[in-house]
Each structure stands twice: as C-alpha cells, then as structure tokens.
Amino acid sequence: MQETMNHVSATLTSLKTTLVEFGVRYGFQILGASLIVLVGLKAAGYLTRMLDTWLEKKTTIDVALRSLIVRLLRFVVVGATIVIAAEKIGVPVASLIAGLGVAGVGIGLAMQGVLSNLIAGMTIFFLKPFRVGEYIDVLKEHGEVVDITLFSTTLRHTDQSLIVIPNRQIAGEILHNYGMKRQLDIEIGIAYASDIGKAIDVATETVLADPRVLKEPAPLVGIRKVGDSALTVSVRPWVPVPEYEQTLLGLYRAIFEAYRERGIDVPHPQREIRVVHAETGTTRAALGAPVVKVN
C-alpha cells in the first residue's frame with residue numbers, strides 16, 4: 001500500500017515538473033499567440049465595420065457586392081492573424097500551407113457542387129442579373145431577393161416564407177426580373193348600362209389617391225373584356241415590391257366602395273334559363289311564358 005502511494009506521489013511530482021517546464025518554455029509564446037488572436041479578431045471587426053460604413057456612404061456598390069467585399073476583408077484579416085499566431089508558438093507555417101495545398105486538391109474534387117455554387121455566385125455578383133430588393137421569377141420560384149451570397153440566393157415570398165436557391169441552379173437559367181416594382185392586375189365588373197367613361201375616371205382617381213401607387217409609370221385603366229353579364233374594368237398600377245400584397249387588397253375595396261358611392265353598378269352574375277316544352281320542343285318563352293332569370 002505504501003509502495004502504491006509512493007508511486008502515485010512520484011507520478012504527480014513528475015507531472016507537476018513537466019507542466020512547470022512546459023509553462024516556462026512555452027508560456028510566453030502561448031500568451032503572445034493568444035494576444036495576437038484577440039487583437040486580430042478585434043481588428044477584423046473594426047476594419048470590416050469601417051469598410052462597410054465607407055462603402056455604404058461613399059460608393060454606389062449594391063448590398064450583395066458590398067457584403068462580399070466586407071466578408072473577404074474579414075477572412076483575410078482573420079487568416080493572417082491565425083498564421084502569425086501559429087508561427088508565434090513554433091508551428092512550421094510553410095510546411096502547413098504546403099500540406100493544405102495538397103489536401104485542397106482532394107477537397108476540391110470532393111466538393112465540386114460547392115465549387116460550382118461558388119463560381120455561379122461570382123458570376124451573379126459581377127454580371128448583376130438581379131440585385132437585393134428586386135423581385136424575380138426563376139426555376140418556377142418567385143419572390144423578393146433578400147440575400148445573395150457566394151453559394152446561394154434567398155428569396156422572400158409574399159407569404160413571408162423564404163426560398164433558398166443554390167447559385168448553380170440560377171446561372172444559365174431563364175430569369176424574369178421585375179425590378180423594384182410590380183404591376184397589380186385588378187379586375188372589377190360593371191353593368192352594361194353604366195357610364196364607361198365615368199367608371200374609368202373613378203377607378204383612375206381612386207388608384208392615384210393611394211400613396212403606395214407609383215405615379216410613373218402611369219396606371220393602365222380601361223375595359224379589358226366583355227363578359228356574359230358585365231363589362232370588365234381592368235386596373236393595372238405599379239407599386240413597390242414590398243407593398244404589392246397590401247396595395248392589391250386595399251385597392252379592390254377602395255374601387256368597389258367608390259363605385260357604390262358614385263352610382264356605378266357592380267352587377268351579380270346573371271344567367272337566362274329557357275324551359276323547353278317536353279312534347280313540342282318549343283320553348284315556353286316562345287309561347288309567351290315568362291322567362292326565368294337566375295342571379
């Protein structure tokens with residue numbers, strides 16, 4: 001028992017001596033490397049914030065490209081910090097970089113999909129087929145562009161759901177870019193006896209009174225089609241992308257109420273039914289019987 005206790009005590013003493021020697025030999029190096037990493041991370045945060053603010057105020061670079069530049073600066077500063085800290089504690093940086101280069105070939109072959117997204121992302125950044133804030137339709141998906149990264153593009157649908165599309169799926173595809181505005185398509189039926197000019201004027205005034213509607217380009221208002229029981233008034237104004245859904249709902253109500261106040265009839269659908277006599281095949285209407293109309 002005493003021998004075991006002596007052995008444990010000797011082991012603890014040896015471990016303590018090793019830790020003290022390690023601390024004396026490498027303590028200042030580890031402390032210096034830690035300070036370098038801390039300073040480097042702080043510098044990266046400060047420099048990226050400063051660059052982002054400068055780009056926002058002094059240049060016309062769009063949000064996505066500005067974000068890419070800021071992220072690249074942060075990557076460079078943090079990478080340089082790690083290399084300097086590693087060299088401080090005695091890591092052979094040159095050999096490490098060479099090894100990473102060899103490993104990078106294998107990693108690249110294994111990550112072809114990721115690299116395809118990266119190349120497609122760079123294409124989107126520099127060719128700019130769309131920008132953040134614009135409304136696009138691609139791959140049977142549509143929505144407002146809220147974020148563009150090197151690997152994917154995020155769209156926000158009108159129901160506020162998000163759609164994340166890999167960039168390699170977008171590059172080379174047919175893309176419909178609505179820009180920063182969208183055109184509403186509102187249809188309201190009026191009776192055949194209504195004053196068409198008055199109906200168009202009332203709809204135009206109601207649309208232009210809404211502050212969300214763009215004055216340029218001017219709204220398109222007119223008769224779109226002749227239906228079975230009504231003339232269809234088409235109202236097609238442009239609105240900013242974020243205002244699309246609310247403006248659509250608001251204008252339907254506003255135009256309907258304006259028509260009712262100004263005496264323009266919005267009729268119910270009507271159908272005329274003629275009852276055929278079972279024996280002669282003649283219609284009751286032709287025999288002088290009343291015609292039944294169903295509203």
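**An aromatic pair, two sheets and a helix**

Just one aromatic pair turns up in the structure, which is a predicted model. Its partners are Y135 and Y178, whose ring centres lie 5.4 Å apart with the planes at 75 degrees; that angle is over 60 degrees, so the pair counts as edge-to-face. The contact ties together distant parts of the chain, with Y135 sitting in strand β1 and Y178 in strand β5, 43 residues apart. The two tyrosines are not equally covered. Y135 has a relative accessibility of 2%, which makes it buried, whereas Y178, at 31%, counts as partly exposed.

Both strands of that pair belong to an open sheet of five strands, ordered β4-β3-β2-β1-β5 and paired in the antiparallel sense. The edges are taken by β4 (162-166) and β5 (175-179); each has a single partner strand, so one side of each is left without a neighbour in the sheet. Ignoring direction, neighbouring strands here are turned by 40 degrees against each other on average.

What does β1 pair with? Strand β1 (residues 135-138) is joined to β5 by four bridges, the two running antiparallel, and V138 has L175 of β5 as its bridge partner. Four bridges also connect β1 to β2 (residues 141-148), again antiparallel. Here Y135, the buried tyrosine of the aromatic pair, is matched with E144 in β2. Getting from β1 to β2 takes a hairpin with two residues in between, and L139 in the turn has a positive phi of about 55 degrees. Moving along the sheet, β2 pairs with β3 (residues 152-156) through four antiparallel bridges, among them the one between D147 and T154 of β3. A hairpin makes this connection too, with three residues joining β2 to β3.

A second open sheet has three strands in the order β7-β9-β8, also with antiparallel pairing. Its edge strands are β7 and β8 (220-226), each with a single partner strand, so one side of each lacks a neighbour in the sheet. From one strand to the next, the twist averages 30 degrees. Six bridges hold β8 and β9 together in an antiparallel arrangement, and in β9 the bridge partner of V226 is L231. Two helices pack on this sheet. Helix α6 touches β7, β8 and β9, and its direction makes about 135 degrees with that of β8. Helix α7, for its part, touches β7 and β9, with its direction at about 20 degrees to that of β7.

Helix α7 deserves a look of its own. With 18 residues (244-261) at 1.5 Å a residue, it should span 26 Å, and the C-alpha atoms at its ends are indeed 26 Å apart. Which residues of α7 are buried? They are Y244, T247, L248, L251, I255, A258 and Y259. Seen down the helix axis, these buried residues fall within an arc of 105 degrees, so they line one face of α7. The elements they pack against are β6 (181-183), β7 (186-190), α6 (196-209), β9 (231-236) and β10 (238-240). On the other side of the helix, Q246, L249, R253, R260 and E261 are exposed. After α7 comes G263, with a positive phi near 75 degrees.

Note on methods
Residues numbered from 1 in each chain as written. Predicted model: local features only at pLDDT ≥ 70, side-chain atom pairs only at ≥ 80, totals over all residues. Heavy atoms only, no water. Expected span 1.5 Å × (residues − 1). Buried < 20%, exposed > 50% of the residue type's maximum accessible area, 1.4 Å probe, protein only. Arc of directions from axis to C-beta. Contact = heavy atoms within 4.5 Å. Pairing = 2+ DSSP bridges. Axes fitted to C-alpha atoms, helices over the stretch in contact; angles between N-to-C directions. Phe/Tyr/Trp six-rings, centres within 6.5 Å; stacked < 30°, edge-to-face > 60°.
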